[in-house]
Amino acid sequence: MEEKKQLPDGVIVPLPTPLLRFDKIDFEGLGNQIERLIEAGVAGISILGHTGEERCLDYEVRKSMISETCRIVDGRIPVLISISDTSFNESYVLACYANVCRATAMVFSPPYYQTTGQAELIEYYDELLKVIPLPILLYNIESAANIKIEPSTIRQLIANDKIVGLKDSSADIIYMKRVAESIKAEKPDFKLYCGKEEVLFETMMLGGNGGFAGGANIFPKFYIKIYEAIKQNDLNTCKELQSILMEINKTIFSIGHYHSSYLKGIKCALNLMSVVKDDYMAPPFHKFNEPERFKVHEGLHNVKQKLAAYGIE
């Protein structure tokens, strides 16, 4: 595999799709966000996943997001593209388009809505691997796909060198331990990432390579510092920073009674920080109202004060 296609260790940031309306991307805001993340030193970015509202966007908007992201990045950091879909052909088409745009790898969860069995899942991935031109990062997100990618299934799939790692968003440390013990010993270069930043420490203690951190959209240097403290086995700093991470989760990401509070919080924060023009959410979701926006503003202020004590902007 070419070096440029290798997946990185560290903090990978799942980008929200900055929208002006349901069919129009804020390209200026996208550029602003990508440049600040690269300047901060993130290991890579991913687009069109859960944080990117992929399932709410039409295919032309998804293609525009792929082409513009790859154009802006211009090879400076890895770009991972989610191609998860209920349609085999649409996943294939997006993968081919991403390859033309010089993306690094695909992120692919099991097809959602229709629940598959493990044997069907293996067959599906095998068929996809025959035609997909780029490496694939498996994505275990049972809450959306209605199926867990069992460690035994992963063991069978890694016989194909196009399967290069796993992103797990279950926050199930026992599951991660089973994957690490059964896969890493056999295939040391297999990448293992958490999809929930709250368990980044635990994932790396199991031999993981890093994590996808949505909060790094707002505070990229903070999440990089957590990763570096874990790598250096600086347990005191890890403990202190973990408390701030949980405060971000409890304030900015937990406002209101929405399943989408996490994403609303990210988009609202980036808008309040003047990174993007709007915090528009693709239907059926909607952005925060003014009282909720004020809570995000307060959360940002409080977290920034605490980060200043560590010299983090």
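**Why those labels?**

Trainee: Why is Phe88 called partly exposed?

Mentor: This is a predicted model, and Phe88 comes out at 31% relative accessibility. Buried means under 20% and exposed over 50%, so a value in between counts as partly exposed. Phe88 sits in helix α3, residues 88-100.

Trainee: What makes Phe88, Tyr92 and Val131 a patch?

Mentor: Nonpolar side chains with over 30% relative accessible area are joined within 5 Å. Together the three offer about 220 Å² of accessible area on the surface.

Trainee: How do you know that Asp168 has no salt bridge?

Mentor: Look at Lys148, the nearest side chain of opposite charge: 7.7 Å away. A salt bridge needs the nitrogen within 4 Å of a carboxyl oxygen, so that pair doesn't qualify. The Asp168 side chain does make a polar contact with the side chain of Asn140, at 2.7 Å.

Trainee: And what makes Arg293 and Asp279 a salt bridge?

Mentor: Their N to O distance is 3.0 Å, and the cut-off is 4 Å, so they pass. Arg293 is in helix α12 and Asp279 in the loop between α11 and α12, so the pair ties together parts 14 residues apart in sequence. Salt bridges with shared partners also link Asp278, Asp279, Lys287, Glu290 and Arg293 into one network.

Trainee: Why is Asp279 called buried, and Lys287 partly exposed?

Mentor: Asp279 has 2% relative accessibility, which is under 20%, so it's buried. Lys287 has 36%, which falls between the 20% and 50% limits, so it's partly exposed.

Conventions
Residues numbered from 1 in each chain as written. Predicted model: local features only at pLDDT ≥ 70, side-chain atom pairs only at ≥ 80, totals over all residues. Heavy atoms only, no water. Patch = residues over 30% accessible without salt bridge, like charges linked within 9 Å, V, L, I, M, F, W, Y side chains within 5 Å. Areas by Shrake-Rupley, 256 points an atom, 1.4 Å probe, with all protein chains shown as cover. Helix = DSSP H or I, 4+ residues; strand = E, 2+ residues; numbered from the N terminus. Buried < 20%, exposed > 50% of the residue type's maximum accessible area, 1.4 Å probe, protein only. Lys, Arg positive; Asp, Glu negative; His and termini not counted. Polar contact = N/O pair within 3.5 Å; in protein donor to acceptor, adjacent residues only side chain to side chain.
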